[in-house]
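Visitor: Got a minute to go through this one with me? I'd like to put it on screen and ask as we go.
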Amino acid sequence: MAADVILDVQELRAYYRILKGDVKAVDGVTFQVRRGEILGIAGESGCGKSTLAHTLMLRKPPLTHISGKAVFLGQDIMAMGKETFRKRRLQDISIIPQYALDALSPTKTIGTFFADLVREHGLPADSAFFERVRERLRFVNLDPEVLDKYPIELSGGMKQRVIMVISTILNPALVIADEITSALDVSSQRFAASLLVELRDKGIIGSAIFITHDLAILYQIADRLLIMYGGHVVETGPVETIVHGPRHPYTQALLSSLPKVGVQIKDQRLEGIKGTPPELLNIGPGCRFRARCPYRTQRCEETPATENISPEHSIACWNYRDIGGEQVG
Amino acid sequence: MAGKDFWKRHENLYFAVSNKKVILGVTVFLAIVALAIFGPMVTPYDYEEFAGRGYQPPSKEHWFGTTIMGRDVFTQVVFGLRSTLLVGFLAGTIASAIGLVVGFVSGFFSGKAPDEGLMALTNIFMVIPSLTLLIILSAYLPYRGIATQAIIVAATAWPWTARAVRSQTLSLKSQEFVNLSRISAAPTFRIIREDIAANMFSYVFMVYILQFNGTILSSVGLEFLGLGPTRGISLGLVLQNAVNWNALHLGMWWWTIIPGLILTLMIVSLYFINTGLDEVFNPRLREM
Amino acid sequence: MVDRKQEPILRVENLTKVFSSGVFFRQFTEAVREVSFEMYPGTIMSLIGESGSGKTTIGRMVLKLLRPTAGKIYFQEQDIATLRGKAELREYYRRVQGVFQDPFSSFNPLFRVDRVFDMVYDVFLPDVKDREERTREVLRKVNLNPERVLHQFPHQLSGGQLQRLLIARALLLDVKVLIADELISMLDASTRMGILNLLADICQSTGMSVLFITHDLALGYYISDYTMIMHRGRLVEQGATAEVYHNPIHPYTRMLFRSVPDIGHRWDPKEKFVPEQVSREIAEFYASNSGRGFAQVSSSHKVLMSLD
């Protein structure tokens with residue numbers, strides 16, 4: 001493992017085990033997170049990105065870890081006991097969950113929430129701690145008197161900022177941000193996303209994984225991108241390469257269906273992707289995008305192996321050489 | 001051919017009659033109702049009559065044994081069941097009717113005067129400790145018939161239904177399919193019948209069953225305290241007598257356990273029906 | 001190109017909606033305040049705003065699901081508040097329809113999806129004999145396979161399919177104005193384009209107009225000829241799409257464009273962007289332009305300069 005890789009995920013498989021069988025939501029996912037980087041994980045609903053976050057942080061039945069490792073700071077967190085992992089949570093690795101706005105209990109003040117949370121991790125909720133909390137609140141442009149308020153008194157954007165402060169209060173080495181901007185208005189979105197970058201730049205957090213369906217926002221803040229489809233990783237690379245020179249048919253189709261300010265339908269007609277994502281219940285081998293792929297061949301019945309187009313750019317497609325690149329945007 | 005078509009059109013009915021929980025619950029409940037209807041016709045004794053020697057365990061002459069005074073327990077139970085079931089049915093129906101109307105009107109006019117007024121009324125009734133009210137009302141009335149008891153029990157049971165129905169109405173109001181029907185210029189009656197009532201029917205049906213359960217328990221409770229109908233016998237009264245005479249201590253298990261078991265079976269069977277119906281009425285749950 | 005010499009098909013004049021809640025301690029919320037605009041045949045207009053801007057409320061008032069507190073709505077120069085009786089309302093809904101944001105909430109879960117078509121036939125087209133054939137025809141127009149969607153329950157279909165069904169339903173009638181309330185916000189990126197292109201094609205071929213209500217500026221730019229921006233119940237800026245995008249005057253509009261992430265360019269990391277600042281900027285803007293009301297920047301471009 002290279003010195004600057006803090007999370008090394010190898011062939012991770014996690015299925016939802018239900019009565020009817022296995023929903024193979026995360027099926028052989030491999031990637032690394034480097035020190036100080038923001039990795040964007042993008043894909044549409046059902047691609048497995050949120051499941052991936054839960055597999056790493058909040059595994060609950062029916063979500064079951066099947067195989068594969070996730071080595072974080074030298075230890076495999078998949079093999080770690082619940083208690084051991086709980087202690088590392090918040091301090092080393094932290095998640096800012098989806099629907100964070102509802103995570104705040106309506107009957108506790110914000111200050112009580114902070115105190116309870118940090119005590120749970122065995123740390124004192126003393127004046128030194130609260131001094132740090134106040135400093136962080138000012139950093140996100142919130143008046144520290146918000147500590148005495150109840151969640152109902154705050155707007156959506158403000159609550160999101162509070163959650164971000166809570167999740168990063170112990171300076172974790174890795175933060176997983178799961179769709180933190182999706183429920184926000186456009187103006188709050190930019191602020192929340194930029195905040196994540198600032199936290200990383202100032203060293204308050206080490207690295208971050210930003211999970212979203214919004215490629216445009218990832219283009220603004222991520223260093224590298226990982227595209228998921230149907231539980232598989234289809235393409236990984238530097239953000240500039242993926243967004244402006246994608247090689248995987250799905251990535252290409254996804255990017256060309258994104259509206260850009262300045263492009264009207266009468267100038268250029270954008271096309272969506274016909275069809276729907278595959279049903280992951282008891283799904284067999286093969287490329288999961290093949291039903292909707294214009295370049296499909298017989299070989300695609302076999303699950304594609306991940307290959308390197310260049311040292312930084314990897315792809316899972318048998319036919320990428322014949323497809324060629326597409327300059328997008 | 002016609003048979004198959006019938007089931008196709010009445011899909012919900014098909015699922016209702018083929019659901020195991022519903023079948024089990026209905027069977028047990030109907031058996032108990034049958035006991036209440038036919039039991040009194042079958043037994044040779046009267047429930048007040050000294051039918052034989054006291055302290056008898058169940059036998060051929062006395063299927064449920066005799067009380068300490070020699071009254072036939074079976075006769076007492078089946079006549080008592082009639083009275084208890086009747087009160088439960090009457091009270092449950094009255095309570096559900098009031099609760100439905102109050103809840104629906106409240107939810108429909110939510111935020112406006114009718115809602116505020118009705119909810120204030122509901123809250124007042126909810127806050128009154130029902131058992132205390134029941135005891136006081138019952139104790140003050142010199143003569144208590146089945147109807148009186150039913151009304152008293154219903155008076156304290158309706159608020160819960162009203163709140164539940166109101167919240168269901170509110171949630172329905174925010175569903176877009178009601179709006180879609182409105183912009184289709186559908187006749188108001190059709191909207192009420194298909195969009196609102198149909199989606200509430202299952203809810204209301206299950207609420208009724210729960211009410212029925214609740215009112216039976218309330219009336220048994222009253223009867224147990226001696227505040228049941230002033231004349232006649234009821235299940236609660238049987239149990240009260242058994243406890244007063246220390247039946248269990250004295251070894252007369254049949255006097256307490258059998259009536260208690262029947263009461264329990266009745267309540268449980270109704271809950272089974274309720275759970276089973278939840279699957280019937282929610283098409284999504286069927287496919288699980 | 002919008003032909004402004006035609007008569008507007010829909011005209012909204014000083015539309016206001018105030019919600020009151022509670023009887024004993026009344027609280028008033030101003031959802032929409034003095035909004036005026038015109039819609040012309042064959043055009044797509046975006047009504048853009050964030051949550052709480054009042055855009056959905058306007059859509060519902062046009063659909064007569066809510067009654068305005070003040071102001072008027074004219075359809076083909078007739079005040080829709082004067083429509084009385086089932087017959088008049090029916091004629092209105094024959095021409096004006098809506099598609100809502102949540103496809104799953106738009107279908108009664110107890111019935112099969114065919115019901116939404118049956119309701120239209122029952123009310124508007126009772127004399128049609130070959131209902132199923134007509135339905136299939138209109139389903140094909142929205143790129144749905146009749147075999148896959150007819151006779152299904154709503155929970156068996158995807159959001160995209162349900163939205164197409166709702167558009168198909170509107171096509172059964174001769175709709176002149178379609179209120180599309182955030183109809184693709186619950187859909188995936190790859191599905192959205194198909195539906196948007198479909199809407200544009202329908203407008204081209206039938207001359208239908210669409211009021212496209214959304215919070216997504218990029219989508220608004222792509223699809224619409226004319227753009228309107230809402231902020232806290234007021235229409236702060238409106239005009240031809242390209243003009244509003246290239247020459248935004250109101251500080252709220254400018255802020256919106258600054259916040260939209262775009263794969264064409266990167267945000268300036270040195271630019272500190274704080275949402276609270278916007279409210280201050282807007283207040284200053286109104287104060288410094290006090291008394292000007294609405295200003296006509298060009299023939300189609302209008303801006304709210306002050307609240308008085």
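Visitor: Which residue in β4(A) does Ala14(A) stand opposite?
Guide: His65(A). Keep in mind that this is a predicted model.
Visitor: OK, and how many bridges join strand β1 of chain A to strand β4 of chain A?
Guide: Eight bridges, between residues 5–18 in β1 and residues 63–72 in β4 of chain A. The two strands run antiparallel.
Visitor: In what order do the four strands of that open sheet in chain A come?
Guide: The order is β2-β1-β4-β5 in chain A, with antiparallel pairing.
Visitor: Why is one side of β2 and of β5 in chain A left without a neighbour in the sheet?
Guide: Because β2 (21–34) and β5 (75–76) of chain A stand at the edges, and each has a single partner strand.
Visitor: Switching to interfaces. How many residues of chain A are in contact with chain C?
Guide: 37 residues of chain A, against 36 residues of chain C.
Visitor: Which helix gives the largest share of the chain A side?
Guide: α6(A), with seven residues. Helices α7 (215–221) and α9 (249–256) of chain A each supply at least two residues there too. By class, that side of chain A has 16 nonpolar, 15 polar and six charged residues.
Visitor: And what does the contact between chains C and B take from each?
Guide: 26 residues from chain C and 21 residues from chain B. On the chain C side, α2 (85–95), β6 (96–99) and α3 (114–124) each supply at least two residues.
Visitor: How do the residues on that side of chain C divide, nonpolar, polar and charged?
Guide: There are 15 nonpolar, eight polar and three charged residues on the side of chain C that touches chain B.

Conventions. Residues are numbered from 1 along each chain as its sequence is written. Chains are lettered from A and ligands numbered from 1 in the order in which they are written. This is a predicted model: local features need pLDDT of at least 70, side-chain atom pairs count only at pLDDT 80 or more; totals for chains, interfaces and linings use all residues. Two residues are in contact if their C-beta atoms, placed from the backbone, lie within 7 Å. Ala, Val, Leu, Ile, Met, Phe, Trp, Tyr, Cys and Pro count as nonpolar, Asp, Glu, Lys and Arg as charged, and the others, Gly among them, as polar. Two strands pair if DSSP finds at least two bridges between them.
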